[in-house]
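Let's take a friendly walk through this protein together, going from the whole chain down to single residues. Have the viewer open as you read.

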Amino acid sequence: LASKAGSAGTTSKPPFPELDFRSGARVEELNKLIQEFTKHDQREYDDQRALEIHTAKDFIFSMLGMVQKLDQKLPVANEYLLLSGGVREGVVDIDLDELNVYARGTDYDMDFTLLVPALKLHDRNQPVTLDMRHSALCHSWLSLRLFDEGTISKWKDCCTIVDHINGATNYFFSPTKVADWFYDSISIVLSEIQKKPQRGMPKVEKVEKNGTIISIILGVGSSRMLYDIVPVVSFKGWPAVAQSWLMENHFWDGKITEEEVISGFYLVPACSYKGKKDNEWRLSFARSEVQLKKCISSSLMQAYQACKAIIIKLLSRPKAISPYHLRSMMLWACDRLPASYLAQEDYAAHFLLGLIDDLQHCLVNKMCPNYFIPQCNMLEHLSEETVMLHARKLSSVRSDPAEHLRTAIEHVKAANRLTLELQRRGSTTSIPSPQSDGGDTNQPDDRLAKKLQQLVTENPGKSISVFINPDDVTRPHFRIDDKFF
């Protein structure tokens, strides 16, 4: 009887709250903190802000159209990839140690990365074979022998020249020289534009060359927008070096087609640790990553964004871990874990703790495989001292994740307060509202602003492809996944 009474008494007690074994944090509290972070991190855009985003985008595309007309180097009808989030947010795999530090709220309110093809190889139906004899894994040199004489003539001043014994001359497309040319050309165009300012034109607040990318901050109305512009080489198809990855089972199987995943890739101007900066490009699968993000659950994405905010602050010195490493780990986790588990809406806390554990594991073992080319270890070059320093910092996060989440929330709230304060002061140039001039002349802008707002709110975290013809910058050319607008 005593035994029965004891067991009956046990069942009448409320269930013990779920705790994280390592830190003792309540999982329910961590979930609430992640939700709060997400609420402050993902802001609503009204019509005016949407119009400001559109105005900045049009200004950037018009500027690039003028760059093309300077010396006809850029393709006439180009295809850009516009990604939400700047390079510092890890949207592409580019080293952060050469970049100036910009802070949301202090320097900008919204950030984007724009991949601009300087060269395109779009007529290939077979796996693309690159010249990797001189490079580390995941990197390549690019010989202009793949292109016609006209292209070689246009770009030879942006190449390093190698003379062979047989007398032949080989021109290797140089990422550093291309970036120098791009920065100089953009500076010339912006100087011309600013000589004849037009009503409603964005104010160019900053133009800086950060390594091989060009960072532009525009003031539009009450918004400041950072554009990280990256000159790239664009390929249709898939690189031969990543062919074996397609043979494996992946979390996106059956959700999106292989054709969507392998539609194209890029070379971005980034060098390996021991590579030759003037010659070496890094393979980028940004186009594929846009597709894969469609298959990642919202709770995992929330955990990823919160984890990213924590590590950007914590692991900034010395520069060793970038948000792109965390993104790769998330993709590996999607392959490793059951889809039904990752789809749980109230598991964001579990996912956050798991991402921290994964990152610490990668540091301790100095091993982070590239998702598309697993034989490439993205942490191989780090010293033992650096990885252990960061692993110890992560250990402090793992011991008190709630406190670090609260700090991340305070940071994003402070950034938002700075943005609101700037809006109240109206310190940047204002653009007219769609209704300010009366009549119907501005109605297309109004409709486009509403359309853009709709695209932003309906596609949180997604990347947008933009097609632009420099001779016709009046029409929108948005593509989100396979939908055109």
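## The chain as a whole

Helices here are DSSP runs of at least four residues and strands are runs of at least two, numbered from the N terminus. On that basis the protein chain has 14 helices and 13 strands. Please keep in mind that this is a predicted model.

The protein chain has 485 residues, and 52% of them count as buried. About 22,200 Å² is exposed, with carbon and sulfur atoms supplying 52% of that area. What share of the contacts between residues at least 6 apart in sequence joins residues at least 24 apart? The figure is 75%.

## Helix α2 and its partners

Two packed helices are described by the angle between their axes and the distance between the axes. With that in mind, a good place to begin is helix α2, residues 27-41, beside helix α13, residues 401-425. Their axes come within 9 Å and cross at roughly 15°. Angles under 35 degrees count as roughly parallel, so α2 is roughly parallel to α13. The crossing of the pair is left-handed. On the α2 side, the contact residues include Leu 30, Leu 33, Ile 34 and Phe 37. They meet a set in α13 that includes Leu 405, Ile 409 and Val 412. Charged residues take part too, among them Glu 29 and Glu 36 in α2 and Arg 406 and Lys 413 in α13. In total, the residues of this contact divide into 10 nonpolar, two polar and five charged.

Helix α2 also packs with helix α8, residues 298-314. How do these two helices cross? Their axes come within 10 Å, at an angle of roughly 80°. Angles from 65 to 115 degrees count as roughly perpendicular, so that is the label for α2 and α8. Here Ile 34, Phe 37, Thr 38 and Asp 41 of α2 meet Gln 302, Ala 303, Gln 305, Ala 306 and Ala 309 of α8. The contact residues comprise five nonpolar, three polar and one charged. Ile 34, Phe 37 and Asp 41 are listed in the contact with α8 and also in the contact with α13.

One more α2 residue to look up is Asn 31. Is Asn 31 buried or exposed? Asn 31 is buried, because its relative accessible area is 13% and the cut-off for buried is under 20%. Leaving aside neighbours within four places in sequence, Asn 31 is in contact with Asp 346, Tyr 347, Ala 348 and Ala 349.

## Helices α3 and α5

Helix α3, residues 47-71, packs against α5 at an angle of about 110°, with the axes 9 Å apart. This angle makes α3 roughly perpendicular to α5, and the crossing is right-handed. Among the residues that meet are Phe 59, Met 63 and Val 67 in α3, and Trp 181, Phe 182 and Ile 186 in α5. The contact residues divide into 13 nonpolar, one polar and one charged.

Which is the polar residue? It is Ser 185, found in helix α5, residues 175-195. Ser 185 counts as buried, because its relative accessibility is 5%. Not counting residues up to four places away in sequence, Ser 185 touches Val 67 and Leu 70.

## Residues to look up in loops and in α11

Gly 237 lies in the loop between β8 and α6. At 19% relative accessibility, Gly 237 counts as buried, because the cut-off is under 20%. The C-alpha atoms of Gly 237 and Ser 263 are separated by 5.3 Å, although the two are 26 residues apart along the chain. Beyond neighbours within four places in sequence, Gly 237 is in contact with Ile 262, Ser 263, Gly 264 and Phe 265.

Two residues that are not glycines have a positive phi: Gln 72, at about 60°, and Cys 138, at about 75°. Gln 72 sits in the loop between α3 and β1 and is partly exposed, with a relative accessible area of 37%. Cys 138 sits in the loop between β2 and β3 and is buried, with a relative accessible area of 2%.

Finally, Asp 357 lies in helix α11, residues 348-364, and counts as partly exposed at 34% relative accessibility. Asp 357 and Leu 394 are 37 residues apart in sequence and 8.5 Å apart in space, C-alpha to C-alpha.

Methods: Residues are numbered from 1 along each chain as its sequence is written. This is a predicted model: local features need pLDDT of at least 70, side-chain atom pairs count only at pLDDT 80 or more; totals for chains, interfaces and linings use all residues. Side-chain values use heavy atoms; hydrogens and water are left out. Buried means under 20% relative accessible area, exposed over 50%, partly exposed in between (1.4 Å probe, protein chains only). Contact means heavy atoms within 4.5 Å. Accessible areas come from the Shrake-Rupley method with a 1.4 Å probe; for residues, only the protein chains shown count as cover. Axes are lines fitted to C-alpha atoms, for helices over the stretch in contact, and angles run from 0 to 180 degrees between N-to-C directions. Angles under 35 degrees count as roughly parallel, over 145 as roughly antiparallel, 65 to 115 as roughly perpendicular and the rest as oblique. A crossing is left-handed if the near helix is turned anticlockwise from the far one by less than a right angle, and right-handed if clockwise.
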